[in-house]
Structures are given as structure tokens and as C-alpha cells.
Amino acid sequence: MRISRRTFAAAAVALVLPLSACGSGGDDGGSTDASGKVEGDITFQTWNLRANFKPYFEGLIADFEKKYPGTHVKWIDQPAEGYADKISADAAGGTLPDVVNVSPDLVAPLAKAGLALDLDKAAGKYTSEYLDGAWASHQVPGLNGTFAFPWYLNTGPLFYNKSLFEKAGLDPSTPPKTYDELFADALQMAKKSDGKVATLANVPTVEDFGRYGVQLMNKEGTGFAFNDTKGVELLSKYKELYDAKALDPQALTATPESSGKKFLTEAVAMNPGSALDLGNFKKQAPNLYKNIGITDQITSTGHVNMYVMGVMVNSRTKHTPAAVAFAHFVTDAQNQMSFAKKVAIFPSTAGSLDDPYFIKEDGTDETRVRIAAAKSLKNAVNYTPVLFSEQMKTALRNEVAKALQGKESPKTALDNAVKACDQLLKQQG
């Protein structure tokens with residue numbers, strides 16, 4: 001799909017399969033044996049990539065067909081709009097392509113319906129080629145197995161305004177790294193500026209709960225658990241920030257664009273961003289650009305959040321060896337590295353992030369941000385539960401808003417959010 005950090009963040013789409021097989025987890029009609037001869041005709045579906053990357057994919061397919069004579073790959077690309085619905089319709093109608101570009105939330109219902117090949121069984125020998133956190137991102141609570149090869153990753157470092165830190169009596173060379181440090185610095189900044197400068201412009205999301213160390217779901221994947229003591233503690237801290245104006249008052253209705261604007265006008269001290277934002281600051285806010293600091297996402301677990309795309313094999317493909325070989329080929333180290341140099345994404349393959357492209361400064365803003373993001377990705381985790389839909393995100397956001405406004409206690413708000421999310425989970429089948 002369109003590749004940007006924000007698109008990744010918005011990529012999760014609820015997908016409900018109208019299938020009687022839902023919940024079976026079986027591999028009805030296909031074979032998990034990928035050890036046979038790599039041959040036959042297979043279809044490969046991508047998610048809104050043809051417009052910008054046609055030559056790359058045509059070259060990739062030609063290389064594969066040359067490596068494995070007797071194979072033929074038909075490439076189809078679907079628009080971003082309605083992608084989840086298209087997959088759902090194909091799954092229900094038995095017309096799902098052999099190899100499919102998915103995100104973790106899209107693979108979950110397919111795995112539950114027995115339509116996603118278990119790669120731990122069919123392609124376990126490749127596991128060590130990928131970063132641990134990336135391989136684990138297409139595992140589904142309650143099911144055994146891994147249901148897609150990890151493909152490209154993304155993450156975003158945090159920008160911070162050194163001059164605002166200095167004015168608040170904070171050391172600009174040591175920005176906060178954990179949530180405890182963040183909360184302490186934010187309260188000090190609000191106090192010193194008489195509530196004029198907030199440190200954050202965004203309310204906590206499910207990723208924040210994950211990075212704080214909250215258990216998001218039970219082990220069986222049958223219910224959410226972020227209303228535990230630690231979850232309530234995090235939301236209570238955010239309420240304290242909100243009351244002190246250390247969290248921007250407009251955070252309840254903020255979009256990435258409006259948060260970015262607050263940072264641009266120096267009303268907010270920290271904000272996630274990309275190399276594109278740096279270019280924007282250079283033009284529109286030279287003073288901010290001069291004082292910009294780049295640091296990792298805030299985390300109390302030692303692991304930042306990653307967004308990940310995957311390549312799934314249809315368990316009912318008639319050519320399992322060819323489909324698995326091609327999915328692996330698309331996501332191997334050489335081809336991922338080649339793709340990463342065409343667009344601002346990162347490979348999920350082990351060792352690739354040590355390439356000079358990801359560690360060597362060249363004086364440009366783009367490289368500064370790329371190096372900072374690549375460094376943090378090596379042990380990053382996809383915190384968003386694969387079963388967490390857009391509707392669930394909305395339910396959580398609504399309850400968080402009530403808690404921050406004092407309409408509900410943090411405990412009540414999270415209890416209500418968990419109840420709503422559990423209800424939506426039951427409807428997924």
C-alpha cells in the first residue's frame with residue numbers, strides 16, 4: 001500500500017469473513033508441504049503498489065521466473081480503497097490469490113478461517129533470516145503458527161525542540177526515554193511555561209499501553225486486558241498531564257497534521273515525524289529546525305513500536321512449493337534491501353539494518369531520520385494486537401477522552417473500553 005509512517009499507522013482495517021470455516025484454523029484443501037518442485041502458475045496480489053513501483057515488481061517477477069523455469073507469476077495490484085473488502089470477498093468466494101500482500105490485522109481472520117498457510121510448518125527453515133519481532137508480528141493469539149513472511153517495516157523517531165527543553169531547565173542533550181522520564185519532564189515544562197507549552201499533542205493509543213508494559217490481551221486471544229493496574233496507571237498519568245496542560249488541550253481531537261502544526265509553531269515540545277517533516281521545518285520554521293533533536297520513541301519496555309507488512313501464502317494454493325518460494329523470494333534480504341532503497345521503508349531481514357545505507361551519515365536530513373529509525377527497529381515489536389480493529393481503536397479513544405475530561409475515572413474508562421473491544425472481538429467470528 002502507500003508507504004508512509006502515517007499510512008502504516010492507519011493501515012489496520014477491520015475484516016470480517018463470512019465463512020463457516022471461521023475459527024477452525026484448519027488447512028482444508030491445500031498442502032503445507034513446500035518441499036516439492038517449484039513449478040506452476042501462481043498469482044501475486046499487492047496493495048496499491050503498481051502506480052509507483054511497476055518496474056521493481058516486473059523485474060522481481062522476471063528474476064524469479066528465471067531462477068525457477070517452469071513457473072509463471074501473474075501480478076495483480078488492488079487499490080488501497082476497499083482492500084480489506086476485496087480480500088474478504090475473495091476468501092468467501094474461493095478466489096483468493098496464491099500469494100497476498102497483507103498487514104497483521106488482515107491476516108488474522110484468514111488464519112482463523114484456515115486460509116493462511118502456517119509458515120512455521122511450511123517454511124520454518126527461513127525463520128532465522130528475519131528479525132524476531134518481525135517474524136512474530138503475523139502470529140495470531142489462540143492459534144499456533146506464523147501466517148505471513150514479514151516484508152517491509154516502518155517506524156518513526158520522535159522530534160523534540162531543544163530550545164523549549166532548555167527554557168524549562170531541562171537538559172536538551174538527554175531527552176526522556178521512558179514514560180516516567182517523559183511525565184516528569186512534561187510537568188516541569190508546563191509549570192515553567194505557565195501552561196503555554198505542552199510536551200505532547202496526542203492522547204495515548206494502544207501502542208502507548210504496549211510500550212508502557214501493559215498486557216494488551218490474554219494469552220488465548222479471547223479478550224483484552226489493558227484495563228489492568230498498569231493500564232490504569234498510564235491513563236491516570238495522562239490525566240495528570242492533561243490537567244496541568246502538559247498534554248495539549250486539543251489532543252482529544254488531534255490528527256497527525258494538527259499535532260505537527262502545534263510542533264511547528266513551538267506550542268508543543270515533542271512529536272513523531274519523518275524526513276519529510278524535517279524538510280518542512282527547514283522551509284517554514286528555520287528557528288525550530290535549528291533546534292531540532294531526534295530521539296527514539298518513548299518506551300518503558302526497551303522496545304519501540306514497529307509497523308509491518310507481510311506476504312501470506314494461501315493455504316489452498318495448488319502450487320505450495322512455488323507460492324512459498326515466491327513469497328520468500330519477495331521478502332529475502334537482497335530483494336528487501338533493493339526495495340528499501342526505492343522508498344522510505346526498512347527491511348525485516350536480520351542483518352540488513354547494519355548495511356551502510358542505514359548507519360552512515362551523509363549530512364542530509366533524510367539520512368539522519370533513516371539512521372535513527374533503523375537503529376530502533378532492530379529489536380522493535382508490533383504492539384498493536386493483530387485482532388485490534390479500527391472500531392476498537394475508536395472505542396478506546398472515546399473512553400480515553402472521557403477519562404481525560406474527568407467524565408469517568410481512568411479505571412471505569414478502561415473497563416468500558418475493554419468491554420466494547422471484547423464485544424467487537426466476538427463479532428469477528
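A residue counts as buried here when its relative accessible area is under 20%, as exposed when that area is over 50%, and as partly exposed in between. The model described in this report is a predicted one, and the sections below look at its aromatic rings, at charges over a ring, and at two residues with an unusual backbone angle.

## Aromatic pairs

By this definition Y126 is buried, and F149 is buried as well. These two residues also form an aromatic pair, with ring centres 6.2 Å apart and an angle of 50° between the planes, and the pair is described as tilted. Their partnership joins distant parts of the chain, since Y126 belongs to the loop between α5 (119-122) and α6 (132-136), whereas F149 belongs to strand β4 (residues 149-154), and 23 residues separate the two.

In total, the structure holds 31 aromatic pairs. Another of them is made by F57 and W75, whose ring centres are 5.2 Å apart and whose planes meet at 35°, so this pair, too, is tilted. Planes under 30 degrees apart would count as stacked and planes over 60 as edge-to-face, and tilted is the word for the rest. Here again distant parts of the chain are linked, because F57 is in helix α2 (residues 50-67) and W75 is in strand β2 (residues 71-78), 18 residues apart. F57 and W75 are both buried.

F57 and W75 also take part in an aromatic cluster, whose members include F44, F53, Y56, F64 and Y68. Among the other members of this cluster are W151, Y152, F326, F329 and F339.

## Charges over a ring

Which residue has K341 lying over its face? That residue is Y357, and the distance from K341 to the ring centre is 5.5 Å. The ring of Y357 also has the charged end of R370 over it, at 3.7 Å from the centre.

## Positive phi angles

Two residues that are not glycines have a positive phi, N48 with a value of about 60° and K245 with a value near 65°. Each is in a loop: N48 in the one between β1 (40-47) and α2, and K245 in the one between α10 (229-243) and α11 (256-264). Their accessibilities are set side by side in the table.

| Residue | Relative accessible area | Class |
|---|---|---|
| N48 | 22% | partly exposed |
| K245 | 44% | partly exposed |

N48 is classed as partly exposed because its 22% falls between the limits of under 20% for buried and over 50% for exposed.

Notes. Residues are numbered from 1 along each chain as its sequence is written. This is a predicted model: local features need pLDDT of at least 70, side-chain atom pairs count only at pLDDT 80 or more; totals for chains, interfaces and linings use all residues. Side-chain values use heavy atoms; hydrogens and water are left out. Rings of Phe, Tyr and Trp (its six-membered ring) pair if their centres lie within 6.5 Å; planes under 30 degrees apart count as stacked, over 60 as edge-to-face and the rest as tilted. Helices (H or I, at least four residues) and strands (E, at least two) are DSSP runs, numbered from the N terminus. Buried means under 20% relative accessible area, exposed over 50%, partly exposed in between (1.4 Å probe, protein chains only). A charge sits over a ring if NZ of Lys or CZ of Arg is within 6 Å of the ring centre and within 35 degrees of the ring normal.
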